[in-house]
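Welcome! Have a look at the structure below, and keep a pencil at hand for a few short exercises.

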Amino acid sequence: MALEATVRPPEETLSLWKREQARLKTRVVDRDTEAWQRDPDFSGLQRIGGVDVSFVKGNSVRACASLVVLSYPELEVVYEESRMVSLTAPYVSGFLAFREVPFLVEAVQRLQEMEPGLMPQVLLVDGNGVLHHQGFGVACHLGVLTDLPCIGVAKKLLQVDGLENNALHREKIQLLQAGGDTFPLMGGSGTILGMALKSHDRSAKPLYVSVGHKMSLEAAVRLTRHCCRFRIPEPVRQADIRSREYIRRTLGLPGTPVPGSQKLHRPRACPKEGSREFTGEGRPSEDNSQGSRMDLKASQPETVGPGLAVK
């Protein structure tokens, strides 16, 4: 029986996590590192990745880890992989990556080994980057471990460094009139930790975009906006949809298949936050944060699904 994820780890484990988090934080790059990031039209950007960890409803241990790659600017899915996993590391606020990121790193590594031509040039993460208790959220952690540019895109404001979802914050949200409108998230320390973005003309709630790794905040906000057909950027949205569909198929639950998913097939040699309703109770919404390579073998996948690619 899997270890209950709600059990608080021993202090030695927390101390280890804190040291590892501090060590990896020194490797975060918060500026543009690729030529396409500095181009107004993102010329040269062809593939964008999105990741998701969705939980079986009512189960805080069993989950589905998914990686999708979309073409840019078409935003069509060209690769997907989903695997059922058991998350035995407990949830601790501020240290979410040690619970979830190992499985996402493994998914990126499998893609690199099996289909290197489909490797994403940037990853969008449902969570925070530097907008985090320790300034090192899940998007930073995943970016550093994969050495890929990463963007944190959270659906709720993480209230750190004096940021509050108070009357003033809600007033600023009301002033966001059109898709693309923003306001900075400046903490009590005077540091701009991210941007609130009205991602779509019809969105009532903003997204909270922050730097993950190897990309500036300005470019991260611009690209997030370009990826939004709806409120949630398409790479994150598709990863979420497909992880839910994989859980539905795996558990034999009723539901409607994802349109177009039957067109995907196996690549050569491939084996194969808020709460996430349907799948939802294993991941608390108040902290969309972080994993390290030292944890990759802590939890092994239960069930393996196929990696899928469009040829």
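Three exercises on this predicted model follow, each with a worked solution.

**Exercise 1.** Find the place of P73 and describe the peptide bond that leads from Y72 to P73.

*Solution.* Start with the place: P73 sits in the loop between β2 (62–71) and β3 (77–86). Next, look at the bond from Y72 to P73, which is cis, with omega near 10°. For background, most peptide bonds are trans.

**Exercise 2.** Work out where D147 and D161 lie, and whether each is buried, partly exposed or exposed.

*Solution.* Begin with D147, found in the loop between α4 (138–146) and β5 (150–154). D147 has a relative accessible area of 48%. Partly exposed covers the range between 20% and 50%, so D147 is partly exposed. D147 also has a positive phi of about 60°, although it is not a glycine.

Now turn to D161, in the loop between β5 and α5 (167–174). With a relative accessible area of 33%, D161 is partly exposed. Its phi is positive too, at about 50°, and D161 is not a glycine either. As a general rule, most residues other than glycine have a negative phi.

**Exercise 3.** How many aromatic pairs does the structure hold, and how are the rings of F95 and F98 arranged?

*Solution.* The structure holds 5 aromatic pairs. In the pair F95 and F98, the ring centres are 6.3 Å apart and the planes stand at 45°, so this pair is tilted. Then check accessibility: F95 is buried at 6%, and F98 is buried at 2%. Finally, widen the view: ring pairs join W17, F95 and F98 into a cluster.

Key. Residues are numbered from 1 along each chain as its sequence is written. This is a predicted model: local features need pLDDT of at least 70, side-chain atom pairs count only at pLDDT 80 or more; totals for chains, interfaces and linings use all residues. Side-chain values use heavy atoms; hydrogens and water are left out. Helices (H or I, at least four residues) and strands (E, at least two) are DSSP runs, numbered from the N terminus. Buried means under 20% relative accessible area, exposed over 50%, partly exposed in between (1.4 Å probe, protein chains only). Rings of Phe, Tyr and Trp (its six-membered ring) pair if their centres lie within 6.5 Å; planes under 30 degrees apart count as stacked, over 60 as edge-to-face and the rest as tilted.
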